[in-house]
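Me: I have a chain open here and want to go through its side-chain contacts. Can you take questions as I go?

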Amino acid sequence: MITRLGLATAWVLDQDSAIEFFTGKLGLELRDDMTLGEGGMRWVTVGAKDQPELSLALMVPGPPTMDPESAGHMRALIAKGVLGAGAFNTDDCQGDYERFSAAGVEFVQKPEKRPYGIEALFRDDSGCWYSLTQPFEELDESAGWGPCAT
């Protein structure tokens, strides 16, 4: 029986740059940075300090998980900025928006009230977009859905 999600993947164009973005700008902690086997792939994971059971693998498209042609297509999609990589929950969307903006994070949507919470959208340094959400305890259907800018 599956009991929980332990690892999710975020596709990035450069792992060193991604480490700086996710740790330096978003405040996540670096969990792993190693090479798997001699000459193997680099394995990098980050995560929220208060959520040790879930890590985000920062993966560069390529072998051994992708053939060169597929990796090229994936890199193009990442660079184009069309991939959404997930949602980060926060207890202060406006405060994090201001702090992250000051740190150089590119937001494509300022904090807006939605039925499920207050949400802002940002891009990582590779171009993938994420939701930054301060969830409500209960759905507030009086809040509009509004357009979603990506």
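Reply: What follows covers the annotated domain, salt bridges, aromatic pairs and one loop serine in this predicted model.

Me: Start with the annotation. Which residues does UniProt list for "domain: VOC"?
Reply: The UniProt record, an unreviewed entry, gives residues 4-135 for "domain: VOC". Over residues 4-135 the chain is 39% strand and 26% helix. The C-alpha atoms at the two ends of that range are 20 Å apart.

Me: Salt bridges next. How many salt bridges are there?
Reply: The count comes to 6. One of them joins aspartate 16 to arginine 42, with the closest N and O atoms 2.9 Å apart.

Me: Where do aspartate 16 and arginine 42 sit in the chain?
Reply: Aspartate 16 is in helix H1, residues 15-25, and arginine 42 is in strand E3, residues 42-47. The two are 26 residues apart, and the pair links distant parts of the chain.

Me: Why does aspartate 16 count as partly exposed?
Reply: Its relative accessible area is 48%, and buried would need under 20%, exposed over 50%. Arginine 42 is also partly exposed, at 25%.

Me: Which residues are linked with Asp16 and Arg42 in a network of salt bridges?
Reply: Asp33 is linked with Asp16 and Arg42 in that network.

Me: And in helix H3, where are arginine 99 and aspartate 96 relative to each other?
Reply: Both lie in helix H3, residues 93-102, and are 3 residues apart, about one turn of the helix. They form a salt bridge whose closest N and O atoms are 2.9 Å apart. Arginine 99 is partly exposed at 47% relative accessible area, whereas aspartate 96 is buried at 13%.

Me: What about arginine 114 and glutamate 119, buried or exposed?
Reply: Both are buried. Their side chains meet in a salt bridge at 4.0 Å, N to O.

Me: Changing topic. How many aromatic pairs are there?
Reply: There are 8 aromatic pairs. Phenylalanine 88 and tyrosine 130 form one that is tilted, at 5.4 Å centre to centre with 35 degrees between the planes.

Me: Why does that pair tie together parts that are apart in sequence?
Reply: Phenylalanine 88 lies in strand E5 (residues 84-89) and tyrosine 130 in strand E8, so the pair ties together parts that are 42 residues apart in sequence. Phenylalanine 88 is partly exposed, with 21% relative accessibility. Tyrosine 130 is buried, with 1%.

Me: What about tyrosine 97 and phenylalanine 107, what sort of pair is that?
Reply: The pair is edge-to-face, with centres 4.7 Å apart and 75 degrees between the planes. Tyrosine 97 is in helix H3 and phenylalanine 107 in strand E6 (residues 106-114), 10 residues apart. Tyrosine 97 and phenylalanine 107 are both buried.

Me: Which residues form the aromatic cluster?
Reply: One cluster holds Phe21, Phe22, Phe88, Tyr97, Phe107, Phe122 and Tyr130. The two pairs just described are therefore within that cluster.

Me: Last item, serine 126. Where is it?
Reply: Serine 126 is in the loop between strand E7 (117-123) and strand E8 (129-135). With a relative accessible area of 6%, serine 126 is buried.

Me: What does serine 126 touch?
Reply: Leaving out residues up to four places away in sequence, serine 126 touches Val12, Leu13, Asp14, Ile78 and Ala79. A polar atom of the serine 126 side chain lies 2.9 Å from the backbone nitrogen of leucine 13.

How values were computed. Residues numbered from 1 in each chain as written. Predicted model: local features only at pLDDT ≥ 70, side-chain atom pairs only at ≥ 80, totals over all residues. Heavy atoms only, no water. Helix = DSSP H or I, 4+ residues; strand = E, 2+ residues; numbered from the N terminus. Buried < 20%, exposed > 50% of the residue type's maximum accessible area, 1.4 Å probe, protein only. Polar contact = N/O pair within 3.5 Å; in protein donor to acceptor, adjacent residues only side chain to side chain. Contact = heavy atoms within 4.5 Å. UniProt positions renumbered as here; feature names shortened; annotations may be inferred. Phe/Tyr/Trp six-rings, centres within 6.5 Å; stacked < 30°, edge-to-face > 60°.
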